[in-house]
Amino acid sequence: MDVYILLSSTYSLSRINNCSSGYGSSQDLSDSEAVTANDTVDTPDREHIGHTSRSINSILNTRMGHWTSSTSMSFRNTQTLTEHLRTISYIPQLCDVIFEVGPEKVKVHGVKAILGTRSRVLYNLILKKQKEQEFKGKTHKKDKKKKTSSIFQNDVLITVQKYQPEDFRKIIEFIHCGSVDINSSCLAGLLCGASQFGLDDLEKACWDFVNYCVKNGTVLSLLPSAKRYCNFKLGQILMEKIFCSVRRTVTV
């Protein structure tokens with residue numbers, strides 16, 4: 001079961017289950033699997049438990065341990081991992097993919113291994129661009145005078161035209177760490193990106209946020225964001241949903 005945290009007019013999506021890889025594989029691992037009496041139970045951040053004579057069932061009823069047997073423990077610290085993965089995209093030296101977004105070519109960085117693992121679309125795109133750059137590199141190999149001063153000369157460079165830079169940054173952030181804040185200004189960009197890159201759980205969360213706005217009477221706040229992405233099919237669908245909701249409200 002997916003769990004979302006709703007604060008005011010912002011959806012905070014933290015991937016608790018059903019890992020979104022974009023590959024549609026039944027073998028994808030989630031951050032927390034279902035726990036039975038013979039399995040393990042999650043631990044809070046940075047808490048360890050020593051050996052105890054209590055039964056496994058009694059330990060499973062606490063939030064202190066993550067046990068597999070009476071003499072061993074499985075420890076998880078997914079919250080800290082999420083924060084560290086979120087930080088990666090803001091440190092260019094640790095990244096090997098550069099997205100140039102929009103007319104101003106705003107740079108958004110990512111890690112090839114994470115992007116390719118989480119999204120088949122990005123995997124194929126990165127592989128294609130990488131081969132193109134390798135081919136261009138071979139054609140200029142004999143030109144000894146041609147040098148680049150960039151420390152990112154081995155990075156994969158991808159041009160992104162149809163997204164707002166901040167919206168695309170949020171998409172890449174979600175791909176890296178599985179968590180993102182959804183609000184009215186970025187909703188359409190996240191929705192279109194989730195659909196394009198095969199992030200099913202993010203797409204579901206976006207529609208959940210739309211339905212929340214409809215019920216809360218704030219659906220018109222989504223219109224500016226939807227208009228920015230009217231060249232996407234989902235952007236058009238979103239606008240239709242907004243107008244239908246408004247007409248229904250006026251009729252009532």
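The exercises below walk through a predicted model of one protein chain.

**Exercise 1. Overall counts**

Task: State how many helices and strands the protein chain has, and what share of its residues is buried.

Solution. Start with the secondary structure: the protein chain contains 9 helices and 8 strands. Next, take burial: of the 252 residues in the protein chain, 38% are buried. Then turn to the surface, where the accessible area of the protein chain is about 15000 Å², with 53% of that belonging to carbon and sulfur atoms. Last, consider contacts with a separation of 6 or more: 61% of these in the protein chain are accounted for by residues 24 or more positions apart.

**Exercise 2. The order of a sheet**

Task: Work out in which order the 3 strands of the open sheet stand, and which of them are at the edges.

Solution. First, the order is β6-β5-β7, and the pairing is mixed. The edges are taken by β6 (106-110) and β7 (156-160); each has a single partner strand, so one side of each is left without a neighbour in the sheet. On average, neighbouring strands of this sheet are turned by 25° against each other, direction ignored.

Now look at each pairing. Strand β5 (residues 97-101) runs antiparallel to β6, and 5 bridges join the two. Between β5 and β7 there are also 5 bridges, but these strands run parallel.

**Exercise 3. Partners across the strands**

Task: Find the residues that stand opposite Glu100 in β6 and in β7.

Solution. On the β6 side, Glu100 stands opposite Lys107. On the β7 side, the bridge partner of Glu100 is Thr159. A further pair joins Val97 to Gly110 in β6. The hairpin of β5 and β6 has 4 residues between the strands, and Gly102 there takes a positive phi near 80°.

**Exercise 4. The faces of β7 and the helices on the sheet**

Task: Sort the side chains of β7 by the face to which they point, and say which are buried.

Solution. The side chains along β7 alternate. Val156, Ile158 and Val160 point to one face and are buried. Leu157 and Thr159 point to the other face and are not buried.

Then add the helices. Helix α4 (residues 120-139) packs on the sheet and touches β5 and β7, its direction making about 120° with that of β7. Helix α5 (residues 165-177) lies across β5, β6 and β7 and runs at about 5° to β6.

**Exercise 5. Two residues compared with a cut-off**

Task: Decide whether Ser245 and Leu94 are each buried or exposed.

Solution. Buried means under 20% relative accessible area, and exposed means over 50%. Ser245 has a relative accessible area of 5%, so Ser245 is buried. Ser245 sits in helix α9 (residues 233-251). Leaving aside neighbours within four places in sequence, Ser245 is in contact with Val214 and Val219.

Leu94 has a relative accessible area of 52%, so Leu94 is exposed. Leu94 is found in the loop between α2 (78-88) and β5. Together with Tyr90 and Ile91, Leu94 makes a nonpolar surface patch of about 290 Å².

**Exercise 6. The surroundings of Trp207**

Task: Locate Trp207 and list its contacts, leaving aside neighbours within four places in sequence.

Solution. Trp207 belongs to helix α7 (residues 200-216). With those neighbours left aside, Trp207 is in contact with Leu191, Leu234, Ile237, Leu238 and Lys241. As for distance, Trp207 and Ala188 are 19 residues apart in sequence and 9.8 Å apart in space, C-alpha to C-alpha.

Technical notes: Residues are numbered from 1 along each chain as its sequence is written. This is a predicted model: local features need pLDDT of at least 70, side-chain atom pairs count only at pLDDT 80 or more; totals for chains, interfaces and linings use all residues. Side-chain values use heavy atoms; hydrogens and water are left out. Two strands pair if DSSP finds at least two bridges between them. Axes are lines fitted to C-alpha atoms, for helices over the stretch in contact, and angles run from 0 to 180 degrees between N-to-C directions. Contact means heavy atoms within 4.5 Å. Buried means under 20% relative accessible area, exposed over 50%, partly exposed in between (1.4 Å probe, protein chains only). Accessible areas come from the Shrake-Rupley method with a 1.4 Å probe; for residues, only the protein chains shown count as cover. Patches are made of residues with over 30% relative accessible area and no salt bridge: like charges are joined within 9 Å, nonpolar side chains (Val, Leu, Ile, Met, Phe, Trp, Tyr) within 5 Å. A salt bridge is a side-chain nitrogen of Lys or Arg within 4 Å of a carboxyl oxygen of Asp or Glu.
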